[in-house]
Amino acid sequence: MKNNYTTIVGNQPISFDLHESIQIGPVIASANSNKSISFPYATCNSEQNLQDMLNSPNFQGTNILAPENLFKKYIFFNEITCLPSFPGIKTLDIDPEKCSPQCLSLMLGVYLKPKILFLLGYDLLNPIEFTRLKSIAISNPDIRFAYICNPPVTKRLEKIDNCFCDTYIKYQEVIDARK
C-alpha cells in the first residue's frame, strides 16, 4: 500500500508527540537517537546501536531494518529485517553500511515513494548529511521533502526545487486533517 506521507525522525532530539503521526503514514526512526519514543520502523547500521535497540523496551515491536551484513548476524531476532536494495544508490556514492542512520532512514523513506517525506529532527548542519539530503532530493524530483522545525525556518533548502521548510504547527495540521 502506497502512502502519501512518510515521516523520518533524524539524529537530533525532538519534542513532538509522534503517536498521531502514524495515522498519516509510516514513521521511521534513525537508530536509537530518540529512544524515549516508540516507532513502527527504525533503521540501523551499527552493531552497537542494534544491540542497544534490541535491549530497549521502546523498540520492542519495532521493525528494525539493517543492511544485509548486520541482518545476517542477527537473523534469529524477529525484530530484524534486511533493508531493501536501493535503486540508484551507487550513483549517489552512499554505502548503507557506513552512512549515518538518518541517511539510511531517508533512503528507506524515498524507497517507499510517498508524495511528501517529512523530516523531523534531521541534522542539516552536518555538511555531509546536507549534501546527501540534497543529492537524494534532486535524484527524486517526484517526492517533496518537508523539513519540519521550530521557527525561524531555515533557508538552506530554498535552492532545491522539491524541498521546503515548515513548522511543527503545519505538520500537526496535516495530521489533524487526516483524523
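In this predicted model, strand 1 (residues 5–9) runs parallel to strand 6, and the two pair over five bridges. One of the pairings puts Ile 8 opposite Leu 119 of strand 6 as its bridge partner. Strand 6 also pairs with strand 7, again in the parallel sense and over five bridges. Here Ile 116 has Arg 144 of strand 7 as its bridge partner.

Strand 6 itself is well tucked away: five of its five residues are buried, so the strand is largely enclosed by the rest of the structure. Side chains in a regular strand alternate between the two faces of the sheet. In strand 6, Ile 116, Phe 118 and Leu 120 point one way, while Leu 117 and Leu 119 point the other way. Whichever way they point, all of these residues are buried.

Next comes the helix that links strands 6 and 7. Strand 6, helix 5 and strand 7 together make a right-handed β-α-β unit. Helix 5 takes in residues 127–138, and at 1.5 Å a residue its twelve residues should span 16 Å; the C-alpha atoms at its ends are indeed 16 Å apart, so the expected and modelled spans agree. The N-terminal end of helix 5 is capped by Asn 126, with a side-chain oxygen 2.9 Å from the backbone nitrogen of Ile 128.

As for how helix 5 sits against its surroundings, Glu 129, Phe 130, Leu 133, Ile 136 and Ala 137 are buried. Viewed down the helix axis, these buried residues fall within an arc of 135°, so they line one face of helix 5. Pro 127, Ile 128 and Ile 138, on the other side of the helix, are exposed. The cover over the buried residues of helix 5 includes both of its partners in the β-α-β unit, strand 6 (116–120) and strand 7 (144–149). Strand 8 (163–167), helix 3 (89–92) and helix 4 (101–111) are also among the elements covering them.

Helix 1 (residues 47–55) can be described along similar lines. Its buried residues are Asn 49, Leu 50, Met 53 and Leu 54. They take up an arc of only 135° around the axis, which puts them on the same side of helix 1. Gln 48 and Asn 55 are exposed, on the face turned away from that buried side. Elements covering the buried residues of helix 1 include strand 3 (41–43), strand 4 (63–66) and strand 5 (80–82), along with helix 2 (68–73) and helix 4. Helix 4 thus turns up twice, being among the elements that cover the buried residues of helix 5 and of helix 1.

Key
Residues numbered from 1 in each chain as written. Predicted model: local features only at pLDDT ≥ 70, side-chain atom pairs only at ≥ 80, totals over all residues. Heavy atoms only, no water. Helix = DSSP H or I, 4+ residues; strand = E, 2+ residues; numbered from the N terminus. Expected span 1.5 Å × (residues − 1). Buried < 20%, exposed > 50% of the residue type's maximum accessible area, 1.4 Å probe, protein only. Arc of directions from axis to C-beta. Contact = heavy atoms within 4.5 Å. Polar contact = N/O pair within 3.5 Å; in protein donor to acceptor, adjacent residues only side chain to side chain. Pairing = 2+ DSSP bridges. Right-handed = clockwise from strand over helix to strand, strands pointing away.
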